[in-house]
Amino acid sequence: MIILSNKPNVRGIKKVAEDVKYRTQLIGRDGRLFAGLIATRISGMALGFIFALLLVGVPALLKIIGVF
């Protein structure tokens with residue numbers, strides 16, 4: 001004979017609710033990160049290109065001119 005309880009499984013419900021909350025927070029964080037990357041990709045590439053020109057181009061130009 002199977003004994004059924006009339007008490008709800010509160011512990012199990014809380015665990016599932018915490019799991020759902022954790023997963024939704026992960027999805028939200030991933031969405032915000034992706035949105036931030038998309039919003040700043042053009043300016044980031046431009047700044048990287050300028051920084052690379054400063055690090056490589058200026059010393060090369062000075063070498064060509066004969067300062068070093």
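Q: A helix here is a DSSP run of H or I, at least four residues long, numbered from the N terminus. With that in hand, which residue takes a positive phi just after α1?
A: That's Gly-66, with a phi of about 105 degrees. Bear in mind that this is a predicted model. Helix α1 covers residues 10-65, and the protein has one helix and zero strands.

Q: What makes the end-to-end distance of helix α1 agree with its number of residues?
A: The expected span is 1.5 Å times one less than the number of residues. For the 56 residues of α1 that gives 82 Å, and the end C-alpha atoms sit 78 Å apart, so the two agree.

Q: Where is the kink in α1 centred?
A: On Arg-41, where the kink is about 50 degrees. The bend is the angle between axes fitted to the seven residues ending there and the seven starting there.

Q: What tells you the protein is no compact globule?
A: A compact globule of 68 residues would have a radius of gyration near 11 Å, while this protein comes in at 29 Å. The C-alpha box, taken along the principal axes, is roughly 95 × 20 × 15 Å. For a sense of the spread, Gly-31 and Ile-64 are 33 residues apart in sequence and 48 Å apart in space, C-alpha to C-alpha.

Q: Why is Gly-31 called partly exposed?
A: Buried means under 20% relative accessible area and exposed means over 50%. Gly-31, which is found in helix α1, has 36%, so it's partly exposed. As for burial overall, buried residues make up 0% of the 68 residues.

Q: What makes the contact between Asp-19 and Arg-23 a salt bridge?
A: The cut-off is 4 Å from a side-chain nitrogen of Lys or Arg to a carboxyl oxygen of Asp or Glu. This pair has 3.1 Å, N to O, so it passes. A search of the whole structure finds one salt bridge.

Q: Why can residues four places apart point the same way?
A: An α-helix has 3.6 residues a turn, so such residues end up pointing the same way. Asp-19 and Arg-23 both lie in α1, four residues apart, about one turn of the helix. Asp-19 is partly exposed at 35%, whereas Arg-23 is exposed at 51%.

Q: What makes Ile-50 eligible for the nonpolar surface patch?
A: A patch residue needs over 30% relative accessible area. Ile-50 lies in helix α1 and has 47%, so it clears that bar. The patch covers about 820 Å², and its other members include Phe-49, Phe-51 and Leu-53.

How values were computed:
Residues numbered from 1 in each chain as written. Predicted model: local features only at pLDDT ≥ 70, side-chain atom pairs only at ≥ 80, totals over all residues. Heavy atoms only, no water. Helix = DSSP H or I, 4+ residues; strand = E, 2+ residues; numbered from the N terminus. Rg over C-alpha atoms; globule rule 2.2 N^0.38 Å. Buried < 20%, exposed > 50% of the residue type's maximum accessible area, 1.4 Å probe, protein only. Patch = residues over 30% accessible without salt bridge, like charges linked within 9 Å, V, L, I, M, F, W, Y side chains within 5 Å. Areas by Shrake-Rupley, 256 points an atom, 1.4 Å probe, with all protein chains shown as cover.
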